[in-house]
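Me: Hi! Could you give me a close look at one part of this structure, taking the charged groups and then the rings around it? I'd like one connected account, with the distances and the burial included.

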Amino acid sequence: MKTAKAEIVREYGPFEDAPRVNGVSYDGRQVWFGSGDKLHAINPETGAEIRAIDVASHAGTAFDGRYLFQIGEDKIRKIDPETGAVVATIPAPGNGGDSGLAWCEGSLWVGQYRDRCIHEIDPETGKILRTIESKRHVTGVTWVDGELWHATWEDDRSDVRRIDPKTGDVLERLEMPEGTGVSGLESDGGDLFYAGTGGAATVQAIRRPR
């Protein structure tokens with residue numbers, strides 16, 4: 001297993017009307033993050049907030065190429081980012097204990113914080129298709145180039161790790177600086193991860209190792 005220090009290349013925020021960052025996603029142009037009762041979009045070039053959608057946003061955020069998905073309490077809502085309308089709702093597998101959220105190849109991947117696992121679920125029904133075990137509290141999930149990465153936050157320590165999607169074995173770890181937690185995770189499809197910092201209410205850009 002490879003281990004390295006996480007390289008934080010930029011930080012966004014804090015933002016005036018966002019007391020925390022719960023989930024993070026990226027739609028190819030804007031970084032989205034949930035703050036509790038709003039879903040915010042920021043410009044990753046300038047750091048400026050562009051808009052906000054009123055929707056419960058207590059945990060992970062994902063984007064499937066057209067729609068946003070947002071965990072709020074015990075539900076996952078499918079949202080049209082153009083209008084802000086909720087177009088569908090499914091039950092979240094953890095009944096309120098859910099954390100990270102990601103989209104990959106037709107499935108949603110949902111982190112389970114205290115259960116230390118990641119569920120692959122059907123985005124139409126919420127049915128659990130399979131489960132990958134983790135050895136730490138899961139706080140963010142993302143896929144990039146066929147790689148499954150997730151964030152952890154436990155005992156005041158946090159890291160971002162690449163795991164084998166079949167076995168759950170840890171292949172690579174990026175250790176976050178002391179006192180820095182990760183509350184949401186998303187790849188930009190290239191050289192960066194976007195990571196929420198929980199109550200610190202910022203979004204950090206982390207260098208993705210190659």
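**A buried charge and its surroundings**

Reply: Happy to! Asp159 counts as buried, because its relative accessible area is 2%, under the 20% cut-off. Please keep in mind that this is a predicted model.

Which residues does this carboxylate pair with? As a general background, side chains of opposite charge can pair when their charged atoms come close. Arg161 is one partner of Asp159, with the closest N and O atoms of this salt bridge 2.8 Å apart. Arg161 is buried as well, since its relative accessible area is 7%. Arg173 also meets Asp159 in a salt bridge, at 3.0 Å from N to O. Asp159 sits in strand E17 (residues 157–163) and Arg173 in strand E18 (residues 170–175), so this bridge ties together parts 14 residues apart in sequence. Both ends of that pair, Asp159 and Arg173, are buried. The picture widens from there: Lys5, Asp159, Arg161, Arg173 and Glu175 are linked in a network of salt bridges. Over the whole structure, a search finds 14 salt bridges.

Another of these bridges has a different setting. Arg210 and Asp191 form a salt bridge whose closest N and O atoms are 2.9 Å apart. It joins distant parts of the chain, with Arg210 in the segment after strand E21 (203–207) and Asp191 in the loop between E19 and E20, 19 residues apart. Arg210 counts as exposed because its relative accessible area is 65%, over the 50% cut-off. Asp191 has 39% relative accessibility, so it counts as partly exposed.

Now for a neighbour of Asp191. Asp188 is placed in the loop between strand E19 (184–187) and strand E20 (192–196). With 25% relative accessibility, Asp188 is partly exposed. Its side chain reaches back to the loop's own backbone: the nitrogen of Gly190 is at 2.7 Å, and the backbone nitrogen of Asp191 lies 3.4 Å from a polar atom of the Asp188 side chain. Beyond the neighbours within four places in sequence, Asp188 is in contact with Tyr26 and Tyr194. In C-alpha terms, Asp188 and Val24 are 11 Å apart in space, while 164 residues separate them in sequence.

Those two tyrosines lead to the rings. Tyr26 and Tyr194 belong, with Tyr12, to one aromatic cluster. In general, a pair of aromatic rings is described by the distance of the centres and the angle of the planes. The structure holds 6 aromatic pairs. One of them joins Tyr12 and Tyr194, a tilted pair with 6.4 Å from centre to centre and 55° between the planes. That pair links distant parts of the chain, Tyr12 in strand E2 (residues 8–12) and Tyr194 in strand E20, 182 residues apart. Tyr12 is buried at a relative accessible area of 4%, and Tyr194 is buried at 4%. A further pair brings in Trp149 and Phe193: the centres are 4.9 Å apart and the planes are at 55°, so this pair is tilted. Trp149 lies in strand E16 (residues 147–154) and Phe193 in strand E20, so the rings tie together parts 44 residues apart in sequence. Trp149 is buried, with 0% relative accessible area, and Phe193 counts as buried at 0% relative accessibility.

Technical notes: Residues are numbered from 1 along each chain as its sequence is written. This is a predicted model: local features need pLDDT of at least 70, side-chain atom pairs count only at pLDDT 80 or more; totals for chains, interfaces and linings use all residues. Side-chain values use heavy atoms; hydrogens and water are left out. Helices (H or I, at least four residues) and strands (E, at least two) are DSSP runs, numbered from the N terminus. Buried means under 20% relative accessible area, exposed over 50%, partly exposed in between (1.4 Å probe, protein chains only). Contact means heavy atoms within 4.5 Å. A polar contact is a pair of N or O atoms within 3.5 Å; within protein, one must be able to donate a hydrogen and the other to accept it, and residues adjacent in sequence count only if both atoms are side-chain atoms. A salt bridge is a side-chain nitrogen of Lys or Arg within 4 Å of a carboxyl oxygen of Asp or Glu. Rings of Phe, Tyr and Trp (its six-membered ring) pair if their centres lie within 6.5 Å; planes under 30 degrees apart count as stacked, over 60 as edge-to-face and the rest as tilted.
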